[in-house]
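Visitor: Can we go through this one together? I'll ask short questions and jump around a bit.

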Amino acid sequence: MKHCLVVDDSRVIRKVACRILADLAFETEEAADGAAALQACRLRMPDVILLDWHMPNMDGIEFLRALRAGRDGSRPMVVFCTTENDVAHITEALGAGADEYIMKPFDRSIIEAKFAEVGLV
Amino acid sequence: MDQNDFAFFTELLRRRSGLLLTQQKTHLVESRLAPVMRRFGFKDSAALMRELRHGHEALAAAVTEAMTTNDSAFFRDRRTFEEFRDIVLPELLINRAASKRLRIWCAACAAGQEPYSIAMMLDDGKLLAQGWTIDLLATDLNSQMIARAEEGVYSQFEVQRGLPIRRLVRNFTQEGSNWRISESLRRMVTFRTFNLLDSFGWLAEMDVVFCRNVLMYFDQKTRISVIDRVADIIAPDGALLVGPAESILGLTIAFAQTEHAPGLYYRAKPMSPQMRHAVG
């Protein structure tokens, strides 16, 4: 079973995403901001991270840069999932090492399609 | 809708489009016809059916279009596109190296996601830059879908189903919350409203035919008729791609299935007189 870390400051979004991912046979874990997500990754590196952009403490792009700067050799897939839906943000995310990008709002078909893009469904 | 009206409507639809309706689809009919009733000012389906019985052509065309299923997605059923890219295209590029011309037909293109997905794949291969002429024809029964496809503008929801984010950024421009296909890709496709029940006589010989997720809505007789007419216009080494739920095995001897690629068919080799004798 693949392990997905869902990082979003909205409890409702985390809950909805986790329900969809559980339905797609993922084991899920939650983090409410980038700092908590980094801590979770240190304890157990997930296969894929579903990542919001705007969050307190550490936002999604800061988290991604810190994650990709890590030297332990692991490279989990990162799928941004954000209300930032313009080309500039998408380009910045891809440049920082994101593998795919979901523009909110999302539903099951979009999560499934995007996870298929990165070879996880 | 009463049984007489439903029976009349299913026959009208079958005659005009080949689409099959079963009694279980009564609710679907009513929900699909609601916008047509509003547009033409009918208070209920009985009044609509009365007018249809009088042979109102514009109304008959509108209800037929309303009953078509137009759900689609970019690179829908990814495997089909992989088979096109990895099996069909390399062989055709060799076979057509002299003419440098490819003719591809999407027979039921809905809002254009399928032909634009093909155009993106062809663009990946830089075929136009290498001097190839690509005739990419896309047809659909529904004129509103053809108008949408020609416009090439898709919602945020539509571009997120099947389209990798890098392709979105590379091949589309953002217009508010919508995304418009690039002009170069739009120009690669010729769109036309066309009913698969009508004559294929105007079509040139095709190298590849995508006829996906449409045969399943037809009765067996119509499926056979469409497939046999596709066989008439497809090149001897041409390929036919159907949807994953649409095997044509048993419907025709004109095509043979490809091993390990269940949705991909090639023209069957003509039987020799000896073979015919053996079979007969």
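Visitor: What should helix 1 of chain A span, and what are its end C-alpha atoms apart?

Guide: Helix 1 of chain A has 13 residues (11-23) and should span 18 Å at 1.5 Å a residue; its end C-alpha atoms are 18 Å apart, which agrees. The expected span is 1.5 Å times one less than the number of residues. Helices (H or I, at least four residues) and strands (E, at least two) are DSSP runs, numbered from the N terminus.

Visitor: What am I looking at, model-wise?

Guide: This is a predicted model: local features need pLDDT of at least 70, side-chain atom pairs count only at pLDDT 80 or more, and totals for chains, interfaces and linings use all residues. Residues are numbered from 1 along each chain as its sequence is written, chains are lettered from A and ligands numbered from 1 in the order in which they are written, and side-chain values use heavy atoms, with hydrogens and water left out.

Visitor: Which residues of helix 1 of chain A are buried?

Guide: Arg14(A), Ala17(A), Cys18(A), Ile20(A) and Leu21(A). They cover an arc of only 165 degrees around the axis, which puts them on the same side of helix 1 of chain A. The arc is taken from the directions from the helix axis to the C-beta atoms. Buried means under 20% relative accessible area, exposed over 50%, and partly exposed in between (1.4 Å probe, protein chains only).

Visitor: And which are exposed on the other side of helix 1 of chain A?

Guide: Arg11(A), Val12(A), Arg19(A) and Asp23(A) are exposed there.

Visitor: What covers the buried residues of helix 1 of chain A?

Guide: The cover includes strand 1 (2-7), strand 2 (26-31), strand 3 (48-51) and helix 5 (108-117) of chain A. Contact here means heavy atoms within 4.5 Å.

Visitor: What phi does Ala25(A) take, just after helix 1 of chain A?

Guide: Ala25(A) has a positive phi of about 70 degrees.

Visitor: Back to Arg14(A). Which side chain does it meet in a salt bridge?

Guide: Arg14(A) meets Glu30(A), at 2.8 Å from N to O. Arg14(A) lies in helix 1 and Glu30(A) in strand 2 of chain A, so the pair ties together parts that are 16 residues apart in sequence. Arg14(A) is buried at 12% relative accessible area, while Glu30(A) is partly exposed at 43%. A salt bridge is a side-chain nitrogen of Lys or Arg within 4 Å of a carboxyl oxygen of Asp or Glu.

Visitor: How many salt bridges does the structure hold over all chains?

Guide: It holds 31 over all chains. In chain A, Asp8(A), Asp52(A) and Lys104(A) are linked in a network of them.

Visitor: What about Asp207(B), which residue is its partner?

Guide: Asp207(B) forms a salt bridge with Arg96(B), and their closest N and O atoms are 2.7 Å apart. Asp207(B) lies in strand 7 (residues 206-211) and Arg96(B) in the loop between helix 5 and strand 1 (101-106) of chain B, so this pair ties together parts that are 111 residues apart in sequence. Both Asp207(B) and Arg96(B) are buried.

Visitor: New topic, rings. How many aromatic pairs over all chains?

Guide: There are 15 aromatic pairs. Among them, Phe74(B) and Tyr154(B) are edge-to-face, 5.0 Å centre to centre with 75 degrees between the planes. Phe74(B) is in the loop between helix 4 (57-66) and helix 5 (78-95) of chain B and Tyr154(B) in strand 3 (residues 153-155) of chain B, 80 residues apart. Phe74(B) is buried, with a relative accessible area of 0%, and Tyr154(B) is buried, also at 0%.

Visitor: What counts as a pair?

Guide: Rings of Phe, Tyr and Trp (its six-membered ring) pair if their centres lie within 6.5 Å; planes under 30 degrees apart count as stacked, over 60 as edge-to-face and the rest as tilted.

Visitor: Which residues form one aromatic cluster with Phe74(B)?

Guide: Tyr116(B), Tyr154(B), Phe172(B) and Phe191(B) form one cluster with Phe74(B).

Visitor: Which Arg lies over the face of Phe8(B)?

Guide: Arg53(B) does, at 4.4 Å from the ring centre. Likewise, Arg229(B) lies over the face of Phe200(B), at 4.5 Å from the ring centre. A charge sits over a ring if NZ of Lys or CZ of Arg is within 6 Å of the ring centre and within 35 degrees of the ring normal.
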